[in-house]
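Biologist: I should like a close look at one helix, followed by an account of how other parts of the chain are arranged. Please begin with the geometry of that helix.

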Amino acid sequence: MTILIPILGDQLSHGLASLRGVARDEAVLLLMEVADETTYVRHHKRKIALILSAMRHFAAELRADGWTVDYVRLDDPANSGSFTGEVARAVERHRPSAIRIVEPGEWRVRAMIEGWAARFGIAVEMLADDRFVCGILEFQTWAQARNDLVMEFFYREMRRKTGLLMREDGTPEGGQWNLDKENRAPPKRGLNYPEPMHFAPDETTAEVMALVEARFAGHFGRLEKFALPVTAGQARRALAHFVRTALPDFGTYQDAMVTGQDWLYHSWLSPALNLGLLTPLEVAQAAAQAYAAGAVPLNAAEGFVRQIIGWREYVRGYYWMEMPEVAQANALGATRALPEFYWTGETDMLCLAEAVRNTRDHGYAHHIQRLMVLGNFAMLAGVRPQDVADWFLVVYADAYEWVELPNVIAMSQHADGGRLATKPYAGGGAYIDRMSDHCGRCRYDVKRKTGPGACPFNALYWDFLARHEGRFRRNRRMTNMYATWDRMKPDAREAYRASAAAFLDTLEPAAAGWAR
């Protein structure tokens, strides 16, 4: 009796549920590099290289651990190009009695798997992915018991469940659940920003990099100086390095942006985490243990833990509860094409140019660059949310649909009509000026409100509120914004809207076929 155990490219965990309780001599592990997954959107070169290298290293570790591994390379002439095609070939080779697989992270892949039993005529067992703190059904049960989906209450449940940063009496460390107000300090001059740990490519990674440069030459992004962790061992070293060198100041400055500083105090562990080289619990525990040892302040540990067991787990639950309808949501009726500068970075708006440059060079930008610069601009400009989501899925090395789609469609673009976020994440130039050093270096004047030399974010912000007044005026969290709008003289309002229209007329749309 042989059990075929396919392992997907984001399931590179030795503790994977499908590997437990199975004898090594009764199983064949199937890992597949398939063309469909590299090109269903035109992924960043760095993301493709990361996944293929990590898969090859993981396969070698599994063989060393005594497993039989059937590994299909992308450059195998017989490669069918799809998950289902490769499973079909593996069924022919191994004649298994059953297929055992951990549930995938993406809706489209689950749809493929659900057709395997009928196609192959053998039992297919799909197991829950218990690497996450909160299961899909557990999230749905939580959501159905509430009248809203406020993340804060979900986060508190996860803190209680894990015991992270909790006192023995069941109350949170420091007496508060959320220290977000202590995570918003603007950058100071002269700070020493530590870089994430870099790993020089070994022979396996170098081989993959050459394959990617040859086969995906037209894809977005740069592959030079690739240094991401590609094994669990490397990822744990990177985690320890982050906790030691950057986490102490992460909490205070996690929302800051500095020209030319690509990492600041951020961990850049999400690629390893989303691949399965790290688990969310071990990452969150490392931060909590550092706090318990007195090595980091509470606002740093809590802010980091909130991102891992709060927001990350929350958006996964939301994704599986709202799919597939949320993928096409467009509550604000946005129709503008994605601007070309999202690909080239050729814009005089320094905040946007910097975010695109960092994205192109590293497949990375931190959460405020993604949300309040790139996402905020797209929403204010009325860019079609599906174009924005496709772009985010293409360009980031940590982007998988389950985490990317809710963050873009629902949080960043408010396209779900407010089911996830109670107000749109909209901001003008003043926010970017407060949280960065970009505005002092920019051609546009953030202090000017309208006209050719004014920061475009200023006019776009008020134009956005005016366009969607019918939807947002009664939102209690936006009362102050509309009160300010009401106090403006008619000519001031007209000037804002005219300036926004004039700027939007200058935007060049991206060429057709950029994502797929």
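Biologist: How far apart are the end C-alpha atoms of helix α8 (residues 203–215), and what should its 13 residues span at 1.5 Å a residue?

Modeller: The model is predicted, so local features are described only at pLDDT of at least 70 and side-chain atom pairs only at pLDDT 80 or more, whereas totals for chains, interfaces and linings use all residues. Residues are numbered from 1 along each chain as its sequence is written, and side-chain values use heavy atoms, without hydrogens or water.

The end C-alpha atoms of α8 are 18 Å apart, in agreement with the 18 Å that its 13 residues should span at 1.5 Å a residue. The expected span is 1.5 Å times one less than the number of residues, and helices are DSSP runs (H or I, at least four residues) numbered from the N terminus.

Within α8, Thr205, Val208, Met209, Leu211 and Val212 are buried. Buried denotes under 20% relative accessible area, exposed over 50%, and partly exposed in between, for a 1.4 Å probe and protein chains only. These buried residues cover an arc of only 160° around the axis, which puts them on the same side of α8; the arc is that of the directions from the helix axis to the C-beta atoms. An α-helix has 3.6 residues a turn, so residues three or four places apart point the same way. On the other side of α8, Glu203 and Ala214 are exposed. The buried residues pack against α2 (45–64), where contact requires heavy atoms within 4.5 Å. At the N-terminal end, aspartate 202 acts as the cap of α8, with a side-chain oxygen 3.2 Å from the backbone nitrogen of threonine 204. Beyond α8, in the loop that leads to α9 (232–245), is lysine 225. Lysine 225 is not a glycine, yet its phi is positive, about 60°, and at 77% relative accessibility this residue counts as exposed.

Helix α7 (residues 151–162) permits a parallel description. Its twelve residues should span 16 Å at 1.5 Å a residue, and its end C-alpha atoms are indeed 16 Å apart. Met151, Glu152, Phe154, Tyr155, Met158 and Arg159 are its buried residues. Seen down the axis, they fall within an arc of 160°, so they line one face of α7. Their cover includes α6 (136–144) and α13. Glycine 163, which follows α7, has a positive phi near 75°.

Helix α13 (residues 298–322) also contributes 13 residues to the largest nonpolar core, the largest share of that core. A nonpolar core is a set of buried Ala, Val, Leu, Ile, Met, Phe, Trp, Tyr and Cys residues joined through side-chain atoms within 4.5 Å. Of the 179 residues in this core, Leu31, Tyr314, Phe377 and Trp391 touch the most other members. A second, separate core has 19 residues, including Leu8, Val34, Val87 and Ala88.

Proline 324 lies in the loop between α13 and α14, and the peptide bond that joins methionine 323 to this proline is cis, with omega near 5°. Phenylalanine 341 belongs to helix α14 (residues 341–344) and is buried, at a relative accessible area of 7%. Setting aside residues up to four places away in sequence, phenylalanine 341 touches Phe377 and Leu507, among others. Phenylalanine 377 is likewise in contact with Leu507, and also with Pro339, Tyr342 and Phe457, among others outside its neighbours within four places in sequence.

Arginine 370 is in helix α16 (residues 367–381) and is buried, with a relative accessible area of 17%. Its side chain makes a polar contact of 3.2 Å with the side chain of aspartate 398. Such a contact is a pair of N or O atoms within 3.5 Å; within protein, one atom must be able to donate a hydrogen and the other to accept it, and residues adjacent in sequence count only if both atoms are side-chain atoms. Apart from neighbours within four places in sequence, the contacts of arginine 370 include Trp268, Phe392 and Tyr396. Tryptophan 268 lies in the loop between α10 (247–253) and α11 (270–275). Tryptophan 268 is buried, with a relative accessible area of 8%, and has a positive phi near 55°.

Terms used:
Helix = DSSP H or I, 4+ residues; strand = E, 2+ residues; numbered from the N terminus.
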